[in-house]
Amino acid sequence: MAESITIKSPHEIEIMRRAAQITAGARSMGRQAVRDGLTTRQIDRAVHEYIVKNGGKPSCLGYEGFPAATCVSVNDEVIHGIPGKRIVRNGDIVSIDLCAAYRGFIGDCAGTYPVGEVSEEAKKLIEVTRQAFFEGIRFAKVGYRVHDIGEAVQDYVESHGFSVVRDFVGHGIGRSMHEAPEVPNYRPEGHRPNPRLVKGMTICVEPMVCAGDWRIRILNDGWTVVTADHSLAAHYENTILITDGEPEILTMADDI
Ligand code: CO
């Protein structure tokens, strides 16, 4: 994590926009590949090919040794699922999370999608997680601080009977995937840096929501994060730009 927050110049923002567009397009491709009978590896391949065809580089591949372009996390898996032979089936929910680099800048986004017909609880979880992002970014403006975002996310999620993950947080982004500041989805305890939001900051707001308890475990593969109680989990993330007015969602696409 970079020491200090980087403020992007207008030229850098132009490049970030393109990186983020590629990232968002790749998420749309991945979403279309979330279909009964496909493996998580096939979903990853669709994402990976899209990124490369559009002039990007898959930044998750090789990041701290992660072996794929896409994190694919199924049902009780929250984040960082490793694509492989697992077949997704009708009734599953599948989270995809990916980053693409373009001319040295990185975009990052995620979403959770149903395979066929899923339970009412799963539908509600997906929708609450997505809406929590939009509740949070109401405060992603000059005049607020980073923790205002997470407080809004937490309140919204808990008001619907779900919980937010504490062990992983959103983050600044730019030339590095993870820059300062940390962007928690909850009210941090104790004294934690809570910077003011400034025009030209680019950050990732990414609620990770559990249908049950928020405590997580990491599987023996060293990556896959699962809910400790095996309740369903969902994830939704966009890269956003702080402006003079409303935040700009850089990883915007028709289907977000
Ligand atoms: Co992220």
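Two strands count as paired here if DSSP finds at least two bridges between them. Strands themselves are DSSP runs of E with at least two residues, helices are runs of H or I with at least four, and both are numbered from the N terminus. The model is predicted, so local features need pLDDT of at least 70 and side-chain atom pairs count only at pLDDT 80 or more, while totals for chains, interfaces and linings use all residues. Residues are numbered from 1 along each chain as its sequence is written, and side-chain values use heavy atoms, with hydrogens and water left out.

**The sheets**

Let's begin with the open sheet of three strands, ordered S3-S12-S11 with antiparallel pairing. Its edge strands, S3 (77-79) and S11 (216-218), each pair on one side only. From one strand to the next, the twist averages 40° (axes are lines fitted to C-alpha atoms, for helices over the stretch in contact, and angles between N-to-C directions run from 0 to 180 degrees). Three bridges link S11 to S12 (residues 225-227) in the antiparallel sense, and Ile-216 has Thr-227 of S12 as its bridge partner.

Another open sheet has five strands, in the order S8-S7-S9-S14-S15, again with antiparallel pairing. S8 (179-183) and S15 (248-249) each have a single partner strand, so one side of each is left without a neighbour in the sheet. S7 and S9 run antiparallel and are joined by two bridges; His-171 is partnered with Cys-204 in S9. Over in S8 sits Pro-181, and the peptide bond leading to Pro-181 from Ala-180 is cis, with omega near 0°.

**The metal site**

His-171 turns up again at the cobalt ion, where its NE2 joins Asp-108 (OD), Glu-206 (OE) and Glu-237 (OE) as donors at 2.0 to 2.3 Å. A donor is an N, O or S atom within 2.8 Å of the metal (3.2 Å for Na, K and Ca), and sites may look incomplete since water is not among the atoms. Why is the arrangement of the four donor atoms called irregular? They subtend angles of 84 to 169° around the cobalt ion, which makes it so. (Four donors are tetrahedral if all angles lie between 85 and 135 degrees; four are square planar and six octahedral if opposite donors are over 155 degrees apart and all others between 65 and 115; anything else is irregular.)

Along the sequence, the donor spacing reads D-x62-H-x34-E-x30-E. Asp-108 lies in S5 and Glu-206 in the loop between S9 (202-205) and S10 (208-210), so this pair ties together parts that are 98 residues apart in sequence.

**The pockets**

On a 1 Å grid over the protein atoms alone, a pocket is an open set of points with protein on both sides within 12 Å along at least five of seven lines, and a cavity is a set where a 1.4 Å probe fits but cannot get out; lining residues have an atom within 4 Å of a point. Points are joined across faces, edges and corners, and a volume is the space filled by probe spheres set on them.

| Pocket | Volume | Lining residues |
|---|---|---|
| Largest | About 460 Å³ | 24 residues |
| Second largest | About 180 Å³ | 15 residues |

His-171 is also among the residues closest to the centre of the largest pocket, along with His-80, Phe-168, Val-169 and His-178. For the second largest pocket, H3 gives the largest share of the lining, five residues.
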